Amino acid sequence: MALRWYSIVIDSRDPASLARWWGETLAWPLVYESEDGDESVIAPPFADEVADTVPREQRPQELVFVPVPEEKTVKNRLHIDLAPAPDESLQEAVDGLVARGAARADVGQQDVPWVVLTDPEGNEFCVLTPRE
C-alpha cells in the first residue's frame, strides 16, 4: 500500500491570517476556509488543473492552517525551505519577506549560505540561495 503525502498542517493562533501570509509568500491561492475559522488551506495555483490529469501520488501538496490556543515555544522539528529563482537575489527575497512580517532567526546556524527566518507567528523557515 502506497500512501500519498497530502498536506502539511501548521498550528496557528490565527489560521486565516497566517494562511494568507504564506499564500502571498508562495503565490498560492486560498482554496478553502471553514466558516468557523478552524481551517484555512492554500495550494499551488495549478493544483486544480492537474487533479484529474496526473496520478494520485504526483498531485501537489497543500498547506493547512489550524488553530491552537498556545503560542509557539520551541524550535520547529520540521520546516519549509524556500528558494529564489536562479536570476533572483537571495537578499532581495529576504528583504521582501522581512518587510511583510518575517523576522531573522538564530537557530544555531553558523556561517551558512542560507538565511533562517520566522513567519509572523514564529515558525522557522529557510531561504536558500537561488536555484531551479
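**Exercise 1. In this predicted model, find which residue stands opposite Thr118 in strand E8, and describe the hairpin around this pair.**

Solution.
Step 1. Thr118 stands opposite Glu124 in E8.
Step 2. Now take the two strands as a whole. E7 and E8 (residues 124-127) are antiparallel and share four bridges.
Step 3. Look at the connection. Five residues lie between E7 and E8 in this hairpin. In the turn, Gly122 has a positive phi of about 95 degrees.

**Exercise 2. Identify the strand that E7 pairs with through two bridges, and assign the faces of E7.**

Solution.
Step 1. Strand E6 (residues 103-104) is joined to E7 by two bridges, and the two run antiparallel.
Step 2. Pick out a pair: Arg104 is opposite Leu117 of E7.
Step 3. Recall the rule. Side chains in a regular strand alternate between the two faces of the sheet.
Step 4. Apply this to E7 (residues 115-118). Val115 and Leu117 lie on one side, Val116 and Thr118 on the other. All four are buried, and both faces of E7 are covered.

**Exercise 3. Work out the strand order of the four-stranded open sheet, and name its edges.**

Solution.
Step 1. The order is E1-E4-E3-E2, with mixed pairing.
Step 2. Strand E1 (7-12) and strand E2 (30-33) each pair on one side only, which makes them the edge strands.
Step 3. From one strand to the next, the twist averages 20 degrees.
Step 4. Check one pairing. E1 runs parallel to strand E4 (residues 62-67), and six bridges join them. Asp11 has Val66 of E4 as its bridge partner.

**Exercise 4. Test whether the length of H1 fits its residue count, then describe its burial.**

Solution.
Step 1. Set the expectation. H1 has twelve residues, and at 1.5 Å a residue they should span 16 Å.
Step 2. Compare. The end C-alpha atoms are 16 Å apart, so the two values agree.
Step 3. List the burial. Pro15, Leu18, Ala19, Trp21, Trp22 and Gly23 are buried in H1.
Step 4. Look past the end. Just after H1, Ala27 takes a positive phi of about 60 degrees.

**Exercise 5. Describe the largest nonpolar core and say which element gives the most to this core.**

Solution.
Step 1. The core has 17 residues. Those with the most contacts inside it are Trp22, Phe65, Leu97, Leu117, Phe125 and Val127.
Step 2. Trace the sources. Helix H1 (15-26), E4, helix H3 (90-99), E7 and E8 each supply at least two residues.
Step 3. H1 gives the most, with four residues.
Step 4. Follow one member. Beyond four places in sequence, Phe125 touches residues including Trp21, Trp22, Leu97, Val115 and Leu117.

Note on methods. Residues numbered from 1 in each chain as written. Predicted model: local features only at pLDDT ≥ 70, side-chain atom pairs only at ≥ 80, totals over all residues. Heavy atoms only, no water. Pairing = 2+ DSSP bridges. Axes fitted to C-alpha atoms, helices over the stretch in contact; angles between N-to-C directions. Buried < 20%, exposed > 50% of the residue type's maximum accessible area, 1.4 Å probe, protein only. Core = buried A, V, L, I, M, F, W, Y, C linked by side-chain atoms within 4.5 Å. Contact = heavy atoms within 4.5 Å. Expected span 1.5 Å × (residues − 1).
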